[in-house]
Amino acid sequence: RAIDEDRKTKYIAAVKIQRWFRACRVRAYLRHLSKMAVLIQKWWRGYLRRKNFRDIVERAYFIKKLKFYNEMAVRIQKMWRGYYVRKYIHNFYALKKYLEAVSVNNELVRSELQEYAEMKENEEKMKDLEKKEKEKKYQARKMHYLLSTEQIPGIYNSPLRKSPDPMELLLRKSKPLTHRKQKMESSFADELYDWPTCKKPPAFVTALPLLPADRQKPQGPFRDPAEVLRQRYKPLEPTLRVRESMNSPPAKAREATGREEWRSPIHDKEFLPFSSYHKNAEKYEPSLCKSGKYGREAYGTKHFREVCPKKWIANK
């Protein structure tokens, strides 16, 4: 019994040792596998990153070279365009010649403008002189009464002077002013006679003019002057169309009625067909406005006064 218990104890101890050893060996193997997996992943990721970096470097180098080539091409184009523009488009010597021609043209225009300004100034001076001469002549005609006579010398012809004053000579040449006729006030009949010529706006008669008190009635079978005047100068009696406004209700109603009549007219004549069976083979007669064989017919001699009762009734 003791030996059996000792065997069981040793067996259990051996099982524990084996279990621990196997666990240690498996854990060590798993640690080894994990380290190997990490190492493989490290090397693979490093390879991928280095390969990606080399691609990035190559791409950047290609872009850099492309930019350099583009810059060089732009520089070449810039130099060539500058040379072409300077030589053929904005040529310095051609521009210089153009500016010289413009300066010469400017000088010519300035000289012409100066001459035109001088001419206008001379014209203004001549106008002023003419105006002053007219004023002098008008003053001379106005002061013609100061002209000296054989008996009395004028104020401009002093006996103490060797020669007469220029104003005296101008007074001798000029004529005196004539008196203006005073305008008489127009009578009532003259105002009425101004109506047809549209010299004055029409003023409608509201009251009849009074006859002079000292005027007697002429002999003979004549009517009373007041009656004649009343017949001659009738007051204005406008029609209803003139009196009322265009926007009044009666005017609008009449306008609407006219539109209705125009839109829907009533035809009293019966419609006749286009066939010629009812014409009894009548010969065609041209219209009045067209020329016939012997010229145009007299207007209003035949068709205006001709009466044909047979044509009033159709064959139907």
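At 35% relative accessibility, Glu-123 counts as partly exposed, and this residue makes a good doorway into the structure. What you see is a predicted model, so please read each feature below in that light. The chain has 316 residues, of which 7% count as buried. Its secondary structure consists of 7 helices and 0 strands.

**The chain as a whole**

- Reading from the N terminus, you will meet the elements in the order α-α-α-α-α-α-α.
- The chain exposes about 31,900 Å², and carbon and sulfur atoms supply 59% of that area.
- Among contacts with a separation of 6 or more, 43% are between residues 24 or more positions apart.

**Salt bridges, starting from Glu-123**

- The structure holds 9 salt bridges, and a few of them are introduced here.
- Side chains of opposite charge can pair when their charged atoms come close.
- Glu-123 pairs with Lys-120 in one of these salt bridges, where the closest N and O atoms are 3.9 Å apart.
- Both residues belong to helix α2 (residues 92–142), and because they are 3 residues apart there, about one helical turn separates them.
- Lys-120 is partly exposed too, with a relative accessibility of 35%.

**Two further pairs**

- In helix α1 (residues 2–89), Asp-6 and Lys-10 sit 4 residues apart, which means that about one helical turn lies between them.
- Their side chains meet in a salt bridge with an N to O distance of 3.5 Å.
- Asp-6 is partly exposed at a relative accessible area of 38%, whereas Lys-10 is exposed at 55%.
- Helix α7 (residues 249–263) holds both Glu-255 and Arg-259, 4 residues apart, or about one turn of the helix.
- The side chains of Glu-255 and Arg-259 form a salt bridge at 3.2 Å, N to O.
- Glu-255 counts as partly exposed, with 47% relative accessibility.
- Elsewhere, Asp-4, Arg-7 and Lys-8 are joined into one network by salt bridges that share partners.

**A nonpolar patch on the surface**

- Trp-80, Tyr-83, Tyr-84, Tyr-88 and Ile-89 together make a nonpolar surface patch of about 580 Å².
- One of these residues, Trp-80, is found in helix α1.
- Trp-80 counts as exposed, at 51% relative accessibility; the cut-off for that label is over 50%.

**The largest nonpolar core**

- In soluble globular proteins, nonpolar side chains tend to be buried together.
- Here the largest nonpolar core has 5 residues in all: Ala-140, Met-143, Met-167, Leu-170 and Leu-171.
- Helix α3 (residues 166–173) gives the largest share of this core, 3 residues.
- Met-167, a member of the core, touches Lys-136, Gln-139, Ala-140, Met-143 and Tyr-156, leaving aside residues up to four places away in sequence.

**What the record adds**

- An unreviewed UniProt entry annotates residues 106–139 as a "coiled-coil region".
- In the model, residues 106–139 are 100% helix and 0% strand, and the C-alpha atoms at the two ends of this span lie 48 Å apart.

Key:
Residues are numbered from 1 along each chain as its sequence is written. This is a predicted model: local features need pLDDT of at least 70, side-chain atom pairs count only at pLDDT 80 or more; totals for chains, interfaces and linings use all residues. Side-chain values use heavy atoms; hydrogens and water are left out. A salt bridge is a side-chain nitrogen of Lys or Arg within 4 Å of a carboxyl oxygen of Asp or Glu. Buried means under 20% relative accessible area, exposed over 50%, partly exposed in between (1.4 Å probe, protein chains only). Patches are made of residues with over 30% relative accessible area and no salt bridge: like charges are joined within 9 Å, nonpolar side chains (Val, Leu, Ile, Met, Phe, Trp, Tyr) within 5 Å. Accessible areas come from the Shrake-Rupley method with a 1.4 Å probe; for residues, only the protein chains shown count as cover. A nonpolar core is a set of buried Ala, Val, Leu, Ile, Met, Phe, Trp, Tyr and Cys residues joined through side-chain atoms within 4.5 Å. Contact means heavy atoms within 4.5 Å. UniProt positions are given in the numbering used here, feature names are shortened, and annotations may be inferred rather than shown by experiment.
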